[in-house]
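User: Could you teach me how to read a structure model like this one?

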Amino acid sequence: MTDGWRNNLELCEFSEASIFLSDSVSVRGRHAVRILIEEIERRTGIHLPVLDSVPVDQRPIISITMIHSQGSSGDSTYSSSPVYGQEGYRIKISHSSARRLIEIESADDRGMLYGVGKLLRMMYLTKNKIEVPTDVDLAETPHFSLRGHQLGYRPKTNAYDAWTPEIYSQYIRELALFGTNSIELVPPITDDERTGPLMKVDPLFMMRHVSEVCDVMDLDVWIWYPNMGSPDNWYPATGNDEEFMKPEYLKRQLEEREEIFSSLKRIDHILVPGGDPGALNAQDLFDFMAMEAELLNKYHPNAKLWVSPQAFNPTDEWLDTFYANVRKEPAWLAGVAFAPWEKHSLPELRRLIPEGMKIRNYPDITHTINAQYPVHNWDTAFALTHSRECINPRPMAMKHIHNQLKDEGIVGSLTYSEGINDDVNKYVWSGQDWNPDTPVLETLREYARFFIHPDVEYSVAHGLLALEQNFEGPMMTNRQIPHTLNQWKKMECRVGDNVLQNYRFELGLLRAYYDAYVQRRLIHEQELEQRAMEVLYRANESGIMPAMEQAEEILNQKYTHPVCVEYRKKCLDLTDRLFAHIGAQLTVSKHHGVSITRGAFVEAIDTPLNDMAYLLSAFNVIRTMKDESSRVEALDAIIYRTDPGEGGFYNSFAADQSLLKVEIAHEWKDDPGYLNTALIRHNPGLLETAYSILNGSNSHTLLSRETLNRILPGLTSPPLAWISNLSTYYSAPVKVTYSNLDCHSSYTLQVMGLWGGGVDMLLNGKSTADDSIKHRGLMETFEVTPDMIPTGVLEIVWANEESGIGPYINELWLRKNNSLGHV
């Protein structure tokens with residue numbers, strides 16, 4: 001045996017070790033030891049033997065003991081002291097002339113599992129070699145009693161539905177080795193199709209399988225169980241599905257649950273979301289949960305229900321009834337979840353429920369936009385190409401969000417995940433659940449060392465941190481992006497196939513190439529747009545038709561003279577490899593992803609990053625016009641659309657500089673969930689719907705149908721400025737301020753956006769409400785007279801009256817009256 005150093009850490013070799021298993025180790029404890037043996041063999045090819053007694057020779061030993069009564073010496077090979085608690089462990093590694101010894105001690109089954117997990121994460125496991133740090137003596141107890149993740153087997157996820165039972169088992173094992181003690185399942189019937197083209201087994205079979213896998217490791221089994229009423233009422237504005245509580249429908253709902261409850265080996269908890277999806281008024285919600293609890297306890301007597309007050313549009317009446325029922329403290333109710341789309345902050349939630357009632361955190365770690373914790377001020381180019389569910393390692397953000405809530409009296413977290421895209425976030429979150437003082441870099445090093453390879457421990461860890469930095473600031477000027485790619489390319493060049501074919505390495509590598517490709521496209525396509533616009537501005541010299549033809553040729557250089565084609569090819573190759581290796585569905589057309597916004601973000605790899613679609617759509621309309629004067633007028637409307645005129649102002653909330661006019665109530669670090677702060681939201685799906693302008697009342701179709709024709713009749717594609725908007729989730733006001741106005745002049749304010757009833761716009765405190773108008777802001781104008789701006793300052797405030805979603809403000813024009821406009 002040889003010893004060595006790695007990353008300034010002295011290591012001793014245990015390649016010839018044996019395992020001594022104390023008689024005190026339980027059946028589940030022995031299963032944890034079997035995991036230790038299998039995971040070492042998987043990485044090294046070494047199968048460690050298990051001995052019945054300590055050998056007399058000096059071969060290295062891994063001694064494993066359970067002390068069922070802490071403080072007593074039991075049959076441990078060393079004196080125990082009460083330095084760890086429930087689910088905790090102690091690991092001691094000693095290196096002497098007599099023997100090299102690793103000792104793992106725990107007081108319960110879970111502690112043994114987590115002790116084994118920590119040892120595996122500490123080990124340096126390479127082909128035919130086992131190394132561990134020397135002279136270790138540590139004891140750990142988890143900070144939170146709940147540490148889990150949701151792994152739903154349904155088509156909407158971006159990977160889980162393609163997994164075999166074996167892949168599920170291994171993934172759950174790996175989560176457990178990093179401290180997870182709970183797995184949340186999803187029933188076969190949700191706001192999704194029951195089956196999908198990639199599913200290997202029936203959803204109920206997979207639920208049974210996962211339940212059994214969890215039970216073997218003593219992991220709690222949760223079920224996220226929404227109340228699914230009629231399909232057209234899953235996301236209601238009123239929160240009331242009258243069909244659900246009718247006898248026939250109710251009977252069908254209870255029969256469905258009984259089939260599941262009776263067939264799963266283990267169920268410990270059920271979380272019933274108040275909405276998203278779900279369609280019951282608050283009293284019906286609690287009445288049904290009482291029936292559900294009675295049925296559940298018939299098969300799982302100790303199982304409890306939890307509930308969340310999440311809903312997209314919770315009225316005060318709904319919330320009052322909800323909390324009144326919670327305060328009754330029914331025996332079947334274990335606690336309340338702090339979940340996405342809740343109106344109240346966690347401290348407010350704590351004040352609204354009984355003092356001793358438990359709160360479970362249910363954080364969304366999987367989404368980047370339209371989410372509980374969106375990426376702060378994300379560039380529109382990212383939103384267009386990465387969408388809502390891209391590969392999104394956000395380790396520093398996850399630690400901050402987690403620890404902001406850690407002292408609010410929660411029992412822990414069980415995260416919301418839709419697939420493999422948030423893999424890094426899961427492990428960072430688990431690390432913080434175990435110990436909120438854990439440095440992120442420590443978790444990332446363990447992640448890279450154990451899952452990928454010890455040789456890339458530091459480089460992968462820092463590469464993941466760099467990917468998070470790619471998201472910061474405007475993409476066009478972000479110098480981190482090429483630097484990040486360089487880091488990953490260096491790793492790619494020096495590692496072997498075992499790393500190159502590792503899906504966790506591929507996830508990071510794909511993001512690095514993808515970000516760099518999109519940035520290069522953005523720079524290229526913005527330059528093409530500027531060149532095309534210069535031609536159009538001179539159209540009166542050359543004629544409208546030749547100018548449009550020349551401009552179109554320039555814009556089409558996106559396709560005729562593409563940039564970084566090798567990066568694009570690399571991204572598509574990695575997309576295929578990830579589908580083969582872990583079932584990641586990163587495209588719709590080839591890999592059966594549900595949609596671009598549901599993880600298939602690579603489908604958007606060539607989405608235009610300029611106003612090409614808008615301009616080409618306009619050219620098609622203008623070419624149908626019969627006279628030059630009409631064509632001139634139409635083209636002017638297109639190319640001077642944003643011109644506010646002399647002395648005027650224009651702001652697009654897809655642009656960073658426009659944020660300077662927005663009052664930010666709280667910094668991101670103080671309100672990462674934007675419950676009390678205005679934020680920039682992105683709506684990349686608008687491009688998908690704009691080409692099929694149908695009847696409807698949602699924001700997509702309203703923006704398209706009611707405004708495109710005002711710019712140019714027949715126009716079918718919106719400008720990119722409409723993709724991003726200034727908004728608020730609930731009652732926080734949105735405030736924009738214009739200064740240095742001419743207090744002797746009048747102005748016309750034009751708003752491009754959308755807001756409905758319950759939201760009022762005030763101009764320097766003066767309401768503009770009009771009860772006769774259902775939706776406002778779609779290129780609507782408001783007059784600003786001199787008496788309204790005596791100090792030359794105009795404050796525009798959008799205020800929510802009660803509970804609805806706030807406004808969506810895309811663009812603002814403040815035109816000085818009698819100005820000449822464009823020249």
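Analyst: Happy to; we will go through confidence, overall shape, one helix and one sheet. This is a predicted model, in which local features need pLDDT of at least 70 and side-chain atom pairs count only at pLDDT 80 or more, while totals for chains, interfaces and linings use all residues. Residues are numbered from 1 along each chain as its sequence is written, and side-chain values use heavy atoms, with hydrogens and water left out.

User: What is the average pLDDT of the chain?

Analyst: First the idea: pLDDT is the predictor's confidence in each residue, from 0 to 100. Here the chain averages 91, and 93% of the residues score at least 70. Two stretches deserve care. Over residues 71–80 pLDDT stays under 50, and the model has 21 contacts beyond four places in sequence for them; a contact means heavy atoms within 4.5 Å. Residues 689–697 also stay under 50, with 18 such contacts.

User: Why is the chain described as compact as a globular protein of its length?

Analyst: The radius of gyration is taken over C-alpha atoms, and the globule rule is 2.2 Å times the number of residues to the power 0.38. The chain has 24 helices and 28 strands, where helices (H or I, at least four residues) and strands (E, at least two) are DSSP runs numbered from the N terminus. Its radius of gyration is 30 Å, close to the 28 Å that the rule gives for 823 residues, so the chain is as compact as a globular protein of that length.

User: How many residues of helix 13 are buried?

Analyst: Buried means under 20% relative accessible area, exposed over 50%, and partly exposed in between (1.4 Å probe, protein chains only). Across the chain, 62% of the 823 residues count as buried. In helix 13, 11 of the 14 residues are buried, among them Val 460, Leu 464 and Glu 468. This helix covers residues 457–470.

User: Which strands stand at the edges of the four-stranded sheet?

Analyst: Strands of a sheet pair through backbone hydrogen bonds, either parallel or antiparallel. For counting, two strands pair if DSSP finds at least two bridges between them. This open sheet has the order 22-27-24-25, with antiparallel pairing. Strand 22 (734–738) and strand 25 (766–767) are the edges, each with a single partner strand, so one side of each is left without a neighbour in the sheet. Strand 22 pairs with strand 27 (residues 794–800) over five bridges, and Tyr 738 stands opposite Leu 794 in strand 27.

Notes: The expected span of a helix is 1.5 Å times one less than its number of residues.
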